[in-house]
Amino acid sequence: MQPIVGIVGGLGPEGTVHYYRKLTARLAALPLDPGRPGVVVDHVWIDRFSALLRAGADPEALELLLGSLRRLERAGATLALFAAVTPHRFLPALRPRSPLPIVDLVGATCEDVRAAGHRVVGLVGTRFTVSEPFFREALEAGGARVVVPDDAGADVLDALIFGPLARGEKTPGMKGELAAIVGRMAARAPLDALVVACTDLMDLMGTEVPLLDPIDSHLRLALRMLGSSGARAQ
């Protein structure tokens with residue numbers, strides 16, 4: 001049976017497009033025969049998801065994501081990817097109930113940070129990503145010191161990601177705001193690399209700090225799982 005990659009998209013739309021382009025470029029390098037993997041995408045509305053997060057309605061947010069995974073399975077998907085970072089905070093609760101194996105972006109990124117020997121890394125993303133432990137503690141468990149934005153920077157990032165970036169709006173001024181946030185982070189500790197843990201932010205990053213895109217780590221792991229006979233194993 002031809003493997004099919006299922007993408008939970010929409011969180012936000014611009015990031016999903018960025019993600020889709022990277023995924024299809026990698027898949028296009030595979031031979032058409034005996035069966036290059038197919039791709040299906042299910043859209044989750046970011047304003048609905050973010051409203052549930054802000055309300056602390058984790059059970060409802062979990063069901064929203066599970067609904068998307070179930071629709072992907074019915075569409076024929078054999079493997080699932082979240083084209084966003086924040087939903088990975090729900091991974092421990094999702095995995096036992098998911099009809100599909102889910103590729104772990106956080107674990108894949110931490111593996112690449114360790115392999116590169118990075119000792120001090122910056123982490124930028126939504127307030128949920130930078131303030132909650134699911135990504136930061138995973139990096140720390142691998143031996144890295146993690147530097148996150150200050151409160152003002154976290155506010156700016158959250159407003160950008162769930163506001164204009166979710167609507168597909170990008171301006172030169174946003175690059176300056178991001179550069180200032182990263183500059184303050186680097187002033188607190190010299191950064192070996194910056195983990196850009198939000199798909200919507202990558203195109204806006206202009207910094208001398210080397211960038212690590214979790215999408216690349218995620219897709220490398222997905223291809224390994226697609227190539228293995230035990231793709232159901234999580």
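**View 1. The structure holds 13 salt bridges.** This is a predicted model. Side chains of opposite charge can pair when their charged atoms come close. The next views show several such pairs, as well as a network.

**View 2. Arginine 89 and glutamate 132 form a salt bridge.** Their closest N and O atoms are 2.7 Å apart. The pair links distant parts of the chain, 43 residues apart. Arginine 89 sits in the loop between strand 3 (79-82) and helix 4 (91-94). Glutamate 132 sits in the loop between helix 6 (127-131) and helix 7 (133-141). Are the two partners buried or partly exposed? Arginine 89 counts as buried because its relative accessible area is 19%, under the 20% cut-off. Glutamate 132 has 21% relative accessibility, so this residue counts as partly exposed.

**View 3. Arginine 220 meets aspartate 112 in a salt bridge.** The N to O distance is 2.6 Å. Arginine 220 belongs to helix 10 (residues 214-227), and aspartate 112 to helix 5 (residues 105-116). The salt bridge therefore ties together parts that are 108 residues apart in sequence. Arginine 220 is partly exposed, at 34% relative accessible area.

**View 4. Aspartate 150 and arginine 184 are joined by a salt bridge.** The closest N and O atoms lie 2.8 Å apart. Aspartate 150 is in the loop between strand 5 and helix 8, while arginine 184 is in helix 9 (residues 172-188). The pair therefore ties together parts that are 34 residues apart in sequence. Aspartate 150 is partly exposed, with a relative accessible area of 28%. Arginine 184 is also partly exposed, at 36% relative accessibility.

**View 5. Three charged residues are linked in a network of salt bridges.** The members are Lys22, Asp213 and Asp216.

**View 6. Four strands make an open sheet.** The strand order is 5-4-6-7, and the pairing is parallel. Which strands form the edges? They are strand 5 (145-147) and strand 7 (211-212), each of which pairs on one side only. Strand 4 (residues 120-124) pairs with strand 5 in the parallel sense, over three bridges. Across this pairing, valine 121 stands opposite valine 146 of strand 5.

**View 7. Strand 3 is covered on both faces.** Leu79 and Leu81 are buried on one side. Ala80 and Phe82 are buried on the other. Strand 1 (residues 4-9) pairs with strand 3 in the parallel sense over four bridges. The bridge partner of valine 8 in strand 3 is phenylalanine 82.

**View 8. The largest nonpolar core has 28 residues.** In soluble globular proteins, nonpolar side chains tend to be buried together. Which residues have the most contacts inside this core? They are Leu69, Phe90 and Leu94. The elements that give two or more residues are strand 1, helix 2, helix 3 (58-74), strand 3 and helix 4. Helix 3 gives the most, with six residues.

**View 9. Arginine 71 is found in helix 3.** At 35% relative accessibility, arginine 71 counts as partly exposed. How far apart in space are arginine 71 and glycine 163, C-alpha to C-alpha? The distance is 27 Å. In sequence, arginine 71 and glycine 163 are 92 residues apart.

**View 10. One cavity of 30 Å³ or more is found in the whole structure.** Rolling a probe the size of a water molecule over the atoms shows where empty space is left. The largest cavity has a volume of about 110 Å³. Its lining has 15 residues, of which Leu11, Ala84, Val85, Thr86 and Thr126 are the closest to the centre. Helix 2 (46-54) and helix 8 (151-162) are the elements that give two or more residues to this lining. What is the make-up of the lining by class? It has ten nonpolar, four polar and one charged residues.

**View 11. The peptide bond from leucine 11 to glycine 12 is cis.** Its omega is near 5°. Glycine 12 has its place in the loop between strand 1 and helix 1 (13-28). Leucine 11 also appears in the previous view, among the lining residues closest to the centre of the largest cavity.

Note on methods: Residues numbered from 1 in each chain as written. Predicted model: local features only at pLDDT ≥ 70, side-chain atom pairs only at ≥ 80, totals over all residues. Heavy atoms only, no water. Pairing = 2+ DSSP bridges. 1 Å grid on protein atoms, 1.4 Å probe; cavity = no way out; pocket = protein on both sides within 12 Å on 5 of 7 lines; lining within 4 Å. Points joined across faces, edges and corners; volume = space filled by probe spheres on them. Nonpolar A, V, L, I, M, F, W, Y, C, P; charged D, E, K, R; others polar. Salt bridge = Lys/Arg side-chain N within 4 Å of Asp/Glu carboxyl O. Buried < 20%, exposed > 50% of the residue type's maximum accessible area, 1.4 Å probe, protein only. Core = buried A, V, L, I, M, F, W, Y, C linked by side-chain atoms within 4.5 Å.
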